[in-house]
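Student: I should like to understand how terms such as "buried" or "contact" are justified when one describes a protein model. May we take them one at a time?

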Amino acid sequence: MIGAGPAGCLAAIAAAKAGARVTLLERASFPREKVCGCCIAPRGVAVLGDAGLDHVLHGAPRLGSVRLSSGRSSVRIDRDSGVALSRGAFDARLSRAATESGVDVLHGTSVTVGIDGAVQANSDGAEWTMQPSVCVVADGLSGRSLDAHPGVRWRVAPSSRIGLGAILPPGSIDLCRGEVLMRVEPGGYVGAVELEDGRVDVAAAVDHDVLRHEGPAGVMARWLRDAVRDRHTIDTARWTGTPWLTRRRTTLAVPGILVAGDAAGYVEPFTGEGMSWALASGHAAGLMAARMVHEPSCWREWPAQWANLLGRDRWRCGLIANLLRSPRTVHAGLAIARRWPTLAAQLARPIGQPHRTSTAGHGVAP
Ligand SMILES: Cc1cc2nc3c(=O)[nH]c(=O)nc-3n(C[C@H](O)[C@H](O)[C@H](O)COP(=O)(O)OP(=O)(O)OC[C@H]3O[C@@H](n4cnc5c(N)ncnc54)[C@H](O)[C@@H]3O)c2cc1C
């Protein structure tokens, strides 16, 4: 398994529990933070529960409302948005759970996959090769471990935005407990949430031109002007960017290799579902990988299974992300939500909710 984010950890744990011998290779040393809104939606919470991993969410604050604003309009929508947990804590806990499930976890190990399926690993200059019977690639948005495979190319959408994020000190942003703050602006949107230790996670999707003209701190200070308590915290924060967000792979499986999580494709972060998709697809990929050890040809089933798991939610996320690009639609949506808050809550309810059946692959959206 390549990449110890939510997808790679769940794949490794599921495959190990299904009886496979699993090695999980991760480039970074943990704990490490990463650009993410850090909201784990109810679907992600349910996937973790089904996998017997509820304990990794210990101490994560519950999220019960979203404050959505644009221009001078603002509305509060009450909805179960799951929990907030820093990626430093979440990924380290998942990685530890993988070790406890019998997975051999190697951090600080960068990997590429050769065209013959051989895995080339590099750790502190020491290089070695492995020839696994199955490889699940979960190396995220910036994943390049499959670059040698001409059939598994990235396709980036021309209108794609860039992700941007930082963690601010406690109290930096005017936030109620358990509230997700979302602000939509021409050129993107930003979200903020209080983490388990009181720090504030800020994450945004920004048009490239806006970012180039104003710089990370400039654009964040402008978008968060009504919520930030001291502009200095924005100017001194360590802003980190991501590669282009909206992308997909030309194919999700080749013999002996399955692609899962963001490595398979990503839409936009507005609906806060990426980690849930990564957990669900990672879990399903791990089960399929264990099956492939005895039934190698079943890799052909993976693209259809992946689409069945995530297709509808990804389509809805893409639709919402496109609607948000029109200021007129955003203002009309906010006006409707202010006038009919119950209707707004009802419309928002299905986003990020668990699917009706098991996380193993055949769920249907509510
Ligand atoms: C601005 C923004 C806000 C977001 N907000 C939310 C949110 O609130 N809620 C939500 O659910 N999702 C959110 N997401 C999406 C979420 O961050 C991702 O969907 C999720 O991290 C995907 O998990 P993953 O395991 O597929 O990949 P990742 O978490 O990216 O993990 C991939 C891992 O692979 C490792 N790796 C990469 N290359 C190699 C290599 N060659 N060898 C070994 N290891 C390698 C990396 O170091 C990394 O640890 C947001 C994303 C952005 C950009």
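Student: What is the accessible surface of the protein chain, and how much of it belongs to carbon and sulfur atoms?

Tutor: In this predicted model, the accessible surface of the protein chain is about 16,000 Å². Carbon and sulfur atoms account for 54% of that area.

Student: What makes the protein chain as compact as a globular protein of its length?

Tutor: Let us begin with the elements: the protein chain has 9 helices and 20 strands. Its radius of gyration is 20 Å, and the globule rule gives 21 Å for 366 residues; the two values are close, so the chain is as compact as a globular protein of that length. Along the principal axes, its C-alpha trace spans about 60 × 45 × 40 Å. Of the 366 residues, 57% count as buried. Among the contacts with a separation of 6 or more, 70% are between residues 24 or more positions apart.

Student: Why is Cys38 called buried or exposed?

Tutor: Buried means under 20% relative accessible area. Cys38 has a relative accessible area of 1%, and therefore it is buried. The residue lies in the loop between S1 and S2, and its phi is positive, about 65 degrees, although it is not a glycine.

Student: Which peptide bond is cis, and how do you know that?

Tutor: The bond that joins Phe30 and Pro31 is cis, with omega at about 0 degrees. Pro31 is in the loop between strand S1 (23-25) and strand S2 (39-40).

Student: Why does Asp124 count as buried or exposed?

Tutor: The word exposed requires a relative accessible area over 50%. Asp124 has 82%, so it is exposed. Asp124 is found in the loop between strand S8 (119-123) and strand S9 (126-130). Phi of Asp124 is near 55 degrees, a positive value in a residue other than glycine.

Student: Why is Arg325 given its class at 30% relative accessibility?

Tutor: A residue between the limits of 20% and 50% is partly exposed. Arg325 stands at 30%, so it counts as partly exposed. Its place is in the loop between helix H7 (302-323) and helix H8 (327-339).

Student: Which residues does Arg325 touch, not counting those up to four places away in sequence?

Tutor: Arg325 touches Ser159, Arg161, Asp207 and Glu268. For Ser159, the backbone oxygen lies 3.1 Å from a polar atom of the side chain of Arg325. A polar contact requires a pair of N or O atoms within 3.5 Å, and the pair of Ser159 and Arg325 is at 3.1 Å.

Student: What makes the pairing of Met275 with the ligand a polar contact?

Tutor: The limit is again 3.5 Å between N or O atoms. A polar backbone atom of Met275 is 2.7 Å from an oxygen atom of the ligand, so the pair qualifies. Oxygen atoms of the ligand also lie 3.2 Å from a polar backbone atom of Pro6 and 3.3 Å from a backbone N or O atom of Gly274. Taken alone the ligand exposes 1,000 Å², and the protein buries 95% of that.

Student: Which element supplies the largest share of the shell around the ligand?

Tutor: The largest share, 4 residues, comes from H6. Helix H1 (6-17), strand S7 (110-113), strand S15 (200-206) and helix H6 (274-292) each supply at least two residues. The shell divides into 17 nonpolar, 11 polar and 8 charged residues.

Definitions and conventions: Residues are numbered from 1 along each chain as its sequence is written. This is a predicted model: local features need pLDDT of at least 70, side-chain atom pairs count only at pLDDT 80 or more; totals for chains, interfaces and linings use all residues. Side-chain values use heavy atoms; hydrogens and water are left out. A polar contact is a pair of N or O atoms within 3.5 Å; within protein, one must be able to donate a hydrogen and the other to accept it, and residues adjacent in sequence count only if both atoms are side-chain atoms. Accessible areas come from the Shrake-Rupley method with a 1.4 Å probe; for residues, only the protein chains shown count as cover. Ala, Val, Leu, Ile, Met, Phe, Trp, Tyr, Cys and Pro count as nonpolar, Asp, Glu, Lys and Arg as charged, and the others, Gly among them, as polar. The radius of gyration is taken over C-alpha atoms; the globule rule is 2.2 Å times the number of residues to the power 0.38. Buried means under 20% relative accessible area, exposed over 50%, partly exposed in between (1.4 Å probe, protein chains only). Contact means heavy atoms within 4.5 Å.
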